[in-house]
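Biologist: Before I look at single residues, could you show me how to read the overall fold and then the packing of a helix?

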Amino acid sequence: MSAIATPEGTYRAAADRYDTTLAYRRAGTSGLVLPAFSFGLWQKFGTDYPYETQRDIVLHAFDLGITHFDNANRYGPPHRAAEKFFGQVLRRDLAPHRDELILSTKAGNPIGPGPYQRGGSRKSLLTSLDHSLRDLETDYVDIFYSHSPDPSTPLEETVGALASAVTSGKALYAGISNYPVERAHEAAVLLREAGVPLLVHQPRYSLFDRRPEHDGLIELADQDGFGLVVYSPLAQGLLTDKYLTGTVPETARARNSAFLSPDVIDDTYRERATALDELARERGQSLAQLALQWVLRLPQVTSALIGASSTWQLDHNLRALDFPPLTETELALMDTYGVHGTALRI
């Protein structure tokens with residue numbers, strides 16, 4: 001791999017970036033393949049983290065063969081900061097490789113007090129997309145998502161906006177995120193009728209959040225021909241060794257995250273996570289690597305979204321693909337301790 005601490009504007013992509021063990025998996029019945037691990041800019045890519053550190057991580061991800069970078073208008077802080085950050089990296093470093101990149105963004109979740117800064121209306125979605133293209137400094141995104149369902153807007157309008165984004169050339173594919181199964185199916189049908197098949201659905205999925213198994217989303221992916229790009233596969237860090245002792249490190253996400261609170265790290269969580277950690281150690285891997293390997297065991301899962309606060313962490317997580325397949329006995333044990341709802345506010 002190429003050196004990562006390169007001065008701005010002098011980056012040269014690793015010549016062997018596609019010679020890694022990183023697999024590429026087809027998104028549903030489409031012609032598009034995505035890397036088994038995609039890089040998400042949900043957290044730690046706002047203005048409260050050093051630009052150079054963020055840049056090194058993103059460029060290192062590309063050097064490792066990660067081609068899919070997932071964003072949203074909400075990501076920061078403040079909102080849109082992550083898109084603006086990536087736009088700088090794209091212009092200064094990755095522009096020669098734009099045709100190798102899958103860039104995705106989302107709209108629909110609140111980003112401000114105004115009535116058009118939220119929701120699934122045509123006005124909100126397409127205006128946000130124009131702003132995202134400006135901030136990302138690109139003419140198009142590869143995937144444009146409706147970030148979450150909006151009950152106050154007819155689904156036909158939301159789907160029509162996604163279809164317009166594709167037919168206008170501002171996006172290549174349409175996606176949805178956080179949609180319940182019935183509404184996801186309705187969206188898939190409407191998109192197919194509009195000639196813009198649903199490419200991917202982005203749900204939360206991990207050993208501690210198994211809703212896609214329980215609510216039928218896995219089966220729906222097969223039925224409607226879309227792939228799953230799952231987020232939070234490590235349950236906000238709960239499926240790492242960070243909290244196994246019962247203490248919360250000062251730098252841990254649980255100290256300052258709106259999505260994870262120290263009070264969920266209780267005895268039940270520690271018992272289950274410790275058992276999973278022991279299995280991982282028996283296999284010669286970390287708990288994080290085991291958890292990532294587990295979500296990718298299903299063919300319906302096209303890609304798992306991961307973030308990173310360092311290049312070391314990125315390297316470590318990608319090595320999850322280097323271990324032998326999970327056996328039936330190991331999967332049964334993981335079912336025992338990978339209990340839906342563990343340490344999560346569902």
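Modeller: We shall go from the whole chain to two of its helices. This is a predicted model, in which local features need pLDDT of at least 70, side-chain atom pairs count only at pLDDT 80 or more, and totals for chains, interfaces and linings use all residues. Residues are numbered from 1 along each chain as its sequence is written, and side-chain values use heavy atoms, with hydrogens and water left out.

Biologist: How many helices and strands does the chain have?

Modeller: Helices (H or I, at least four residues) and strands (E, at least two) are DSSP runs, numbered from the N terminus; the chain holds 11 helices and 10 strands. Its radius of gyration, taken over C-alpha atoms, is 19 Å, close to the 20 Å that the globule rule (2.2 Å times the number of residues to the power 0.38) gives for 346 residues, so the chain is as compact as a globular protein of that length.

Biologist: What percentage of the residues is buried?

Modeller: Buried means under 20% relative accessible area, with a 1.4 Å probe and protein chains only; such residues make up 58% of the 346 in the chain.

Biologist: Which residues of α9 are buried?

Modeller: In α9 they are L287, A288, Q289, L290, A291, L292, Q293, W294 and V295; with 9 of the 9 residues buried, α9 is therefore largely enclosed by the rest of the structure.

Biologist: What covers the buried residues of α10?

Modeller: Helix α10 (residues 311-318) buries T311, L314, H316, N317 and L318, and their cover, judged by contact (heavy atoms within 4.5 Å), includes β3 (37-40), α1 (51-63), α9 (287-295) and β10 (301-306).

Conventions. Buried < 20%, exposed > 50% of the residue type's maximum accessible area, 1.4 Å probe, protein only.
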